[in-house]
Amino acid sequence: MPSPQSRTVSLPSELEQFIEERVALGAYATADAVISAAIARLRDERSVDTKATAPWLIGGGSCGAMIRERDWSPTPLGGLASWPGSLRATVNNIVNSPVAKVLMWGSEHVMLYNDAYSVIAGDNHPRALGGTVREIWPEIWDFNKAMLATGFRGEVQSLPDQSMVLNRYGKPETAVFDLFYTPVYDDHGAVGGVMCTVLENTEKVAAQRLLAWREAELRTVTDAMPILISYIDRDLIYRFANSYYETWTGRPRSEIIGRSIREVMGNKLYLRRAPMIARALAGEDITVDDVMPHTDGPRRAEIRYIPRIEADGSVPGFHVMVFDIEERVRRAEALEREAAHRARAEGQLRHLNETLEARVIQEIEERRQTEAVLAQSQKMETIGKLTGGVAHDFNNLLQVVSGNLQLLAFDVAGNARAEKRVTNAMAGVSRGAKLAAQLLAFGRRQALEPKVVNVTRFVRGMDDMLRRAIGEGIEIETIVGGGLWNTFVDPAQIENALLNLAINARDAMDGQGKLTIELGNASLDDAYARTHAEVTPGQYVMLAVSDTGTGMSPDIIDKVFEPFFSTKSEGKGSGLGLSMVYGLVKQSGGHVKIYSELGEGTTIKLYLPRAMASEDLEVAATAGPIVGGTETVLVVEDDDEVRATVVEMLGELGYQVLKAVDAGSALSVIESGIPIDMLFTDVVMPGQLKSPELARRARERLPDLAVLFTSGYTENSIVHGGKLDAGIDLLSKPYTREALARKFEQMLAGQRARRGIAEPGATPLPPADPASSARPMVLLVEDDAMIRADTAAMLEASGVGVVEAASAEDAAMALQTAAIDVLVTDVNLPGVSGPELASRARTLRPTVGIVFATGDAEAVAGLEDARTIVLAKPYDADALKRAVRVALGRPELVALDAPAAAERTTTD
C-alpha cells in the first residue's frame with residue numbers, strides 16, 4: 001500500500017492570523033487541529049446531501065421547539081441538518097434535562113440551552129438562544145472568558161456558591177450559583193464547546209445568612225445576661241451555652257458545648273438531677289432551688305428546665321436557666337435570724353410584769369393598724385378592679401360616639417347650628433374620656449409609657465400652663481435642688497398629676513395665696529419604710545406641691561385619695577383628681593405623702609424612683625395639618641360599631657382598609673399574601689388567639705409591618721408592671737380623628753425612615769447650615785455606657801451639642817430627626833459596624849464630618865479624608881476637640897489651640 005505523501009500548503013496571512021487566535025483562545029490545541037477541524041467540516045458539508053433528512057431534535061420543551069424552528073444557516077453553527085453528531089447529541093441531552101444547562105459551542109461561544117436555563121437568563125431570553133456569551137453576559141465576560149479558556153483546554157471545573165452581579169432584569173442584582181463546567185468533544189476528538197450546569201442558590205444563601213445573623217443576635221442577647229442559659233437535647237448533650245457559663249464554671253464554652261450533662265456536671269450532681277431532667281423531657285416545666293458548684297465555691301441557685309415542645313407535641317430537648325440566689329437566700333436567712341432573735345427578746349420581755357400591760361396595748365395597736373392598712377388596701381384594690389372594667393366598656397361606647405360625631409361633622413359642614421351641637425357633643429365625649437382615664441389611673445390600670453426624664457426640664461416648661469390654670473392672684477415659686485437625679489416615669493401623666501395638684505391648691509386658697517413647687521433628691525431609709533408598709537427603701541426624686549390654703553383635718557386626710565371623695569361643693573369637682581395622682585405614683589413604683597394642718601395649708605410630696613440611665617432623647621411631636629395616606633391597613637376589632645366607625649374614619653383619610661372581627665380572621669388575611677403596611681388591633685379580643693400573639697405572628701411573615709394597639713383597658717396583655725411592654729405602641733380609646741391620623745402618620749413615617757436608612761440609595765437629608773450661629777451638633781455612638789458618658793461630658797465642655805446613641809440602629813433614627821454636623825462613632829458596634837454607619841450617614845447627610853474613636857485604628861485605615869478623622873483610644877479632651885473641629889471643616893481653629901497650650905505650659 002503506498003504511503004501517503006505529505007504536502008506543504010501556503011496560507012494567506014489573514015488565515016494564519018485566524019488560526020493563531022483560535023489556538024490562543026484555547027479553542028484548539030494546535031494549528032494542525034484547527035486545519036483538521038476545518039477540513040472535517042468541509043467533508044461533512046459535502047456529505048449533507050447524502051444524510052437522512054429526518055428530524056433529530058426530539059422534545060425539549062419551548063427551547064427545543066425554538067431550536068428546531070429557527071434558521072441557523074446565517075449563524076456560525078450553520079444549518080441544523082449540518083450539525084455534527086456530537087453537537088446533536090449534546091443539545092438533545094441539554095434540552096431534555098430538568099436541570100438548567102447551557103452549551104457554549106465553537107470559537108464564537110454560541111449559547112444553546114434548555115427551559116430551566118431560560119428562567120436564569122431572565123429578560124435575556126429568548127435573545128440569548130443562539131447569541132454569544134460575550135454579547136449576552138457582558139457584565140461577567142471576564143469571568144466567563146477564563147472559564148471557557150479552561151474548558152477548551154479540556155478541564156472540568158466545579159464552583160459552589162459562586163456570587164456574581166447580573167443585569168438579567170434591567171438592573172444589577174447579586175445572585176449565587178453552583179456552577180459545573182464540562183468540556184464537550186466534537187466528532188474529531190477536539191473540544192468543540194463547554195457545557196455549564198447551573199443551580200441557583202440565591203435564596204438559600206440569603207436564608208443561611210439571615211439564620212446566622214439571628215443566631216449571632218440571640219447569642220449577643222444571652223451573653224449580656226448575668227444568668228446561665230443553655231439548651232440540652234434528648235441525648236443530654238449541651239448544644240448551646242451563653243458566656244456566663246465561663247464566669248460561673250471557669251471553663252471555656254468549648255469544653256461545655258457538645259459534651260454530655262454527666263461530663264459537665266459530674267456524676268454525683270447528674271444523678272441528683274436525673275429525675276427532673278426526665279420530667280422536663282416529658283414536657284413538664286421544672287423549677288427547683290439547689291446548690292451549684294461555682295468557681296468561688298458552692299452557691300445556691302434557682303434552676304429552671306423549660307421543655308421545647310414542637311408542633312407535633314414532641315420534645316427534642318429543654319432550655320436551662322440558672323439564677324444566682326445566693327445573696328437573696330443570705331438576706332432571707334439574716335431576716336429569719338433577726339426575727340428569731342426578736343422573738344426571743346419578746347419572750348424575755350413577757351416575763352417582765354411591769355411592761356406586760358404596755359406590751360399588750362402595743363401589740364393590739366399594731367394589729368389594729370395592720371388590719372386597717374389591709375382593709376384599706378383591699379378596698380382600694382376592689383374599687384380599682386371595678387373602675388377598670390367600667391372604664392373599658394365606657395371607652396368603647398365613647399369611641400363609637402366620638403368617631404361618628406367626627407364623621408358627622410363633615411356631613412353638616414356649613415350648618416352652624418348643627419356644627420355647634422356636634423361641638424358640644426364632642427366636649428361631652430372629652431369629659432367622659434377624662435373621667436375614664438382618671439378611673440383607670442386610680443385603679444392603676446392605665447398603660448404608662450415611661451421614659452428616663454429629668455423632672456426639672458418639664459416642670460419649668462409647664463410654667464405658662466400653670467399660671468393660666470391657677471390665675472394671677474396666686475404667686476408661684478419653684479425651688480430646684482442641685483444635681484437632681486433622673487427618674488423613670490410617664491412624662492405626660494406626671495405633668496397631668498402636677499396640674500391636678502396645682503388646681504386643687506388653687507381651690508384650697510380660693511384664688512389667692514402662694515403655690516410652691518419643690519424638686520429635690522431624697523432617700524427613704526429602712527426606718528421610714530417600717531412605718532410605711534408600701535414603701536421600698538431607696539433613692540427617690542421628690543416633687544412637692546405646697547399651698548397656703550385652708551388645710552385639712554386628719555379624718556379628711558384619711559379619705560382624700562378615695563375615688564369620688566371631694567371637699568369641694570357639689571358640681572365643683574369629680575373627686576378623682578387626687579385619686580388619679582395616687583394611682584399614677586403607686587403604679588410608677590413611688591410613694592405619696594400628705595402633710596396638712598387646718599389653717600396652715602397643705603404639702604403633697606410625690607416620691608418617684610430614681611433612674612440610673614441617661615435621659616431619653618425627646619422627639620418633637622408632629623404639627624401642621626392632618627394628612628392621611630394611601631397605605632393598606634388591617635383593622636381588627638370585635639365590636640361591630642367601633643369597627644365600622646374606625647374603618648370609615650381611615651377610609652376618609654385615604655387609607656386602603658381591610659377588616660377582621662377577631663385575631664384568627666386577621667391572621668388568615670395576613671397569611672393570604674395581601675400586602676399590608678399596618679396592623680391596627682384592639683387589645684382585648686375574643687377567641688384563643690390574643691392580639692399580642694397575632695402581632696408576633698404577623699411580624700414573622702411581614703417583618704417591616706407597623707403594629708398599633710388600641711384599647712380602653714389593656715389588662716395585662718401588653719402592660720406589665722403598670723408599663724407598656726418594650727416596642728409596643730398604643731392609642732387609647734376614645735381617640736379623636738386627629739389623634740388617629742397623627743399616630744398613623746408618626747408610625748408610618750418611622751417605617752419609611754427605617755427603610756430609608758437600610759437602603760444605600762436613600763434620599764440625602766439637607767445638610768446643616770455651616771454659617772448658622774447655633775452650636776454644632778455631634779452624634780456620639782458608643783456601646784460602652786461609661787465611655788459614652790465621659791466622651792459626652794468632654795464634648796459638651798467644648799461647646800457642642802451632643803445626641804447620644806448606644807447602637808447604629810438608635811443613631812439611624814437620630815440622623816433622621818436631628819441636624820447632625822459630626823458623627824463620632826466607635827468602630828466595633830453591636831449589629832451594624834461604625835464604618836457602615838458612617839457610609840449610611842454620608843448618604844443621608846453628604847456634608848457630615850466623621851470621627852472614628854477606636855482602639856482598633858487598623859480597621860479603618862485608608863478611610864481618612866479631609867473630614868474623616870481616626871481618633872485612637874485612649875484620647876483626652878484636647879485631642880477629641882481637635883478631631884471634631886477638623887471633621888467640622890474648621891481646621892484653622894486647631895492651629896489656635898497649639899499656641900494657647902504652649903502659653904499655658906510656659907506660664908505654669
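# Chatting through a predicted model

Me: Which residues make the nonpolar surface patch of about 310 Å²?
Reply: That patch is made by Leu11, Leu15, Ile35 and Ile39. Patches here are built from residues with over 30% relative accessible area and no salt bridge, joining like charges within 9 Å and nonpolar side chains (Val, Leu, Ile, Met, Phe, Trp, Tyr) within 5 Å. A salt bridge is a side-chain nitrogen of Lys or Arg within 4 Å of a carboxyl oxygen of Asp or Glu. The areas come from the Shrake-Rupley method with a 1.4 Å probe, and for residues only the protein chains shown count as cover.

Me: Anything I should know about the model before we go on?
Reply: It is a predicted model, so local features need pLDDT of at least 70 and side-chain atom pairs count only at pLDDT 80 or more, while totals for chains, interfaces and linings use all residues. Residues are numbered from 1 along each chain as its sequence is written, and side-chain values use heavy atoms, with hydrogens and water left out.

Me: Back to Leu15: where is it found?
Reply: Leu15 sits in helix α1, residues 13-24. Helices (H or I, at least four residues) and strands (E, at least two) are DSSP runs numbered from the N terminus. Leu15 counts as partly exposed, at 42% relative accessibility. The classes are buried for under 20% relative accessible area, exposed for over 50%, and partly exposed in between (1.4 Å probe, protein chains only).

Me: And the whole chain? How many helices and strands are there?
Reply: The chain has 29 helices and 29 strands. Of its 908 residues, 41% count as buried. The chain exposes about 48500 Å², and carbon and sulfur atoms supply 54% of that. Taking contacts (heavy atoms within 4.5 Å) between residues at least 6 apart in sequence, 60% join residues at least 24 apart.

Me: New topic: what does the count of salt bridges come to?
Reply: It comes to 33. One of them is between the side chains of Glu333 and Arg300, at 2.6 Å from N to O. Glu333 is in helix α12 (residues 326-350) and Arg300 in strand β9 (residues 299-308), so this pair ties together parts 33 residues apart in sequence.

Me: Are those two buried or exposed?
Reply: In between: Glu333 is partly exposed at 28%, and Arg300 is partly exposed at 23%.

Me: What about Arg696, which residue does it form a salt bridge with?
Reply: With Glu693, the closest N and O atoms being 2.4 Å apart. Both lie in helix α23 (residues 691-701), three residues apart, about one turn of the helix. Arg696 is partly exposed with a relative accessible area of 41%, and Glu693 is partly exposed with 26%.

Me: Which residues do salt bridges that share partners join into one network?
Reply: Arg299, Arg300, Asp324, Glu326, Glu327, Arg330 and Glu333.

Me: And Asp640 with Arg643?
Reply: Their side chains meet in a salt bridge at 2.8 Å, N to O. They are three residues apart in helix α21 (residues 640-652), so about one helical turn separates them. An α-helix has 3.6 residues a turn, so residues three or four places apart point the same way. Asp640 is exposed at 52%, whereas Arg643 is buried at 12%.

Me: Switching again: where is the place of Pro776?
Reply: Pro776 is in the loop between α24 (737-758) and β25 (777-781). With 21% relative accessible area, Pro776 is partly exposed. Its C-alpha is 8.2 Å from that of Gly799, which is 23 residues away along the chain. Leaving aside neighbours within four places in sequence, Pro776 contacts Val800, Gly801, Asp821 and Leu888.

Me: In what sense do β25 and β26 pair?
Reply: They pair in the parallel sense over five bridges; strands pair if DSSP finds at least two bridges between them. Leu780 has Glu804 in β26 as its bridge partner. Four of the five residues of β26 (residues 801-805) are buried, so the strand is largely enclosed by the rest of the structure.

Me: Last one: which are the buried residues of helix α28?
Reply: Ala879, Leu880, Ala883, Val884, Arg885 and Ala887, in a helix that covers residues 877-887. At the start of α28, a side-chain oxygen of Asp876 comes within 3.4 Å of the backbone nitrogen of Asp878. Just after α28, Gly889 has a positive phi of about 80°.

Notes:
Polar contact = N/O pair within 3.5 Å; in protein donor to acceptor, adjacent residues only side chain to side chain.
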